[in-house]
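These are my notebook entries from going through one model, residue by residue and then element by element. I kept them short.

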Amino acid sequence: MPLWTQWWVWMSAAVVLATLEVILPGYIFLGFALGAAVMGILILVGISAKGLAVTLLIFALASLASYLVMRKVFGLRNGQVKVWETDIND
């Protein structure tokens with residue numbers, strides 16, 4: 001069995017990507033971590049794609065969806081831009 005069909009490989013990738021998000025914050029790796037976790041859960045419950053290309057497509061779509069949701073929840077809202085009127089040295 002190829003490694004990309006094992007659920008624990010995807011969960012391990014999710015943990016590594018989530019750790020990278022802690023080290024390099026910016027909500028970039030967290031989307032990929034959630035996509036890998038979704039893929040791991042899908043494989044664990046028995047829903048797996050037939051082929052590497054379809055598996056990577058599902059991973060990419062899950063990552064994109066999680067990134068867009070996080071962008072909506074944690075992103076900059078309208079009127080939330082901070083404009084500084086004074087300098088710290090004044």
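**Entry 1. Ser 63.** I looked up what Ser 63 touches beyond its neighbours up to four places away in sequence, and I found Gly 31, Phe 32 and Gly 35. The model is a predicted one, so I note contacts here as computed from it. Ser 63 is found in helix 3. I then asked whether Ser 63 is buried or exposed. Its relative accessible area is 4%, under the 20% cut-off, so I put Ser 63 down as buried.

**Entry 2. Phe 32.** I went to Phe 32 next, since it is one of the residues that Ser 63 touches. Phe 32 has its place in helix 2. Leaving aside neighbours within four places in sequence, I list Leu 17, Phe 59 and Ser 63 as its contacts. Phe 32 has a relative accessibility of 40%, which lies between the 20% and 50% limits, so it counts as partly exposed. I also looked up a pair distance: the C-alpha atoms of Phe 32 and Tyr 67 are separated by 7.9 Å, and the two residues are 35 residues apart along the chain.

**Entry 3. Leu 30.** I stayed in helix 2, where Leu 30 also has its place. With neighbours within four places left aside, Leu 30 is in contact with Glu 21 and Met 70. I record Leu 30 as partly exposed, because its relative accessible area of 24% is not under 20% and not over 50%. From Leu 30 to Leu 61 I read 14 Å, C-alpha to C-alpha, for a sequence separation of 31 residues.

**Entry 4. The core.** Which residues make up the largest nonpolar core? I list 7 residues: Trp 10, Ala 14, Ala 36, Ala 37, Met 39, Ile 43 and Phe 59. At least two residues of this core come from helix 1, and at least two from helix 2. Helix 2 gives the largest share, 4 residues. I checked one member, Ala 14, for contacts outside four places in sequence, and these are Ala 33, Ala 36 and Ala 37. I add a general remark: in soluble globular proteins, nonpolar side chains tend to be buried together.

**Entry 5. The nonpolar patch.** I turned from the core to the surface. A nonpolar patch there covers about 730 Å² and is made by Leu 3, Trp 7, Trp 8, Ile 41, Leu 44, Val 45 and Ile 47. Helix 1 (7–23) and helix 2 (29–44) are the elements that give two or more residues to this patch. I looked up the place of Leu 44, and it is in helix 2.

**Entry 6. Ser 48.** I followed the chain to the loop between helix 2 and helix 3, where Ser 48 lies. Ser 48 touches Leu 42 and Ile 43, with residues up to four places away not counted. Ile 43 is also on my list for the largest nonpolar core. Ser 48 has a relative accessible area of 41%, and I noted it as partly exposed. Ser 48 and Ala 60 are 12 residues apart in sequence, and their C-alpha atoms are 15 Å apart in space.

**Entry 7. Lys 82.** I ended the residue list in the segment after helix 3, which holds Lys 82. Why does Lys 82 count as exposed? Its relative accessibility is 57%, and exposed means over 50%, so I entered Lys 82 as exposed. Lys 82 and Leu 64 are 18 residues apart in sequence, with 28 Å between them, C-alpha to C-alpha.

**Entry 8. Confidence.** I looked up the pLDDT last. The protein averages 87, and 92% of the residues score at least 70. Confidence is highest in helix 1, at 95, and lowest in helix 3 (residues 52–74), where I wrote down a mean of 91.

Note on methods:
Residues are numbered from 1 along each chain as its sequence is written. This is a predicted model: local features need pLDDT of at least 70, side-chain atom pairs count only at pLDDT 80 or more; totals for chains, interfaces and linings use all residues. Side-chain values use heavy atoms; hydrogens and water are left out. Patches are made of residues with over 30% relative accessible area and no salt bridge: like charges are joined within 9 Å, nonpolar side chains (Val, Leu, Ile, Met, Phe, Trp, Tyr) within 5 Å. Accessible areas come from the Shrake-Rupley method with a 1.4 Å probe; for residues, only the protein chains shown count as cover. A salt bridge is a side-chain nitrogen of Lys or Arg within 4 Å of a carboxyl oxygen of Asp or Glu. pLDDT is the predictor's confidence in each residue, from 0 to 100. A nonpolar core is a set of buried Ala, Val, Leu, Ile, Met, Phe, Trp, Tyr and Cys residues joined through side-chain atoms within 4.5 Å. Buried means under 20% relative accessible area, exposed over 50%, partly exposed in between (1.4 Å probe, protein chains only). Contact means heavy atoms within 4.5 Å.
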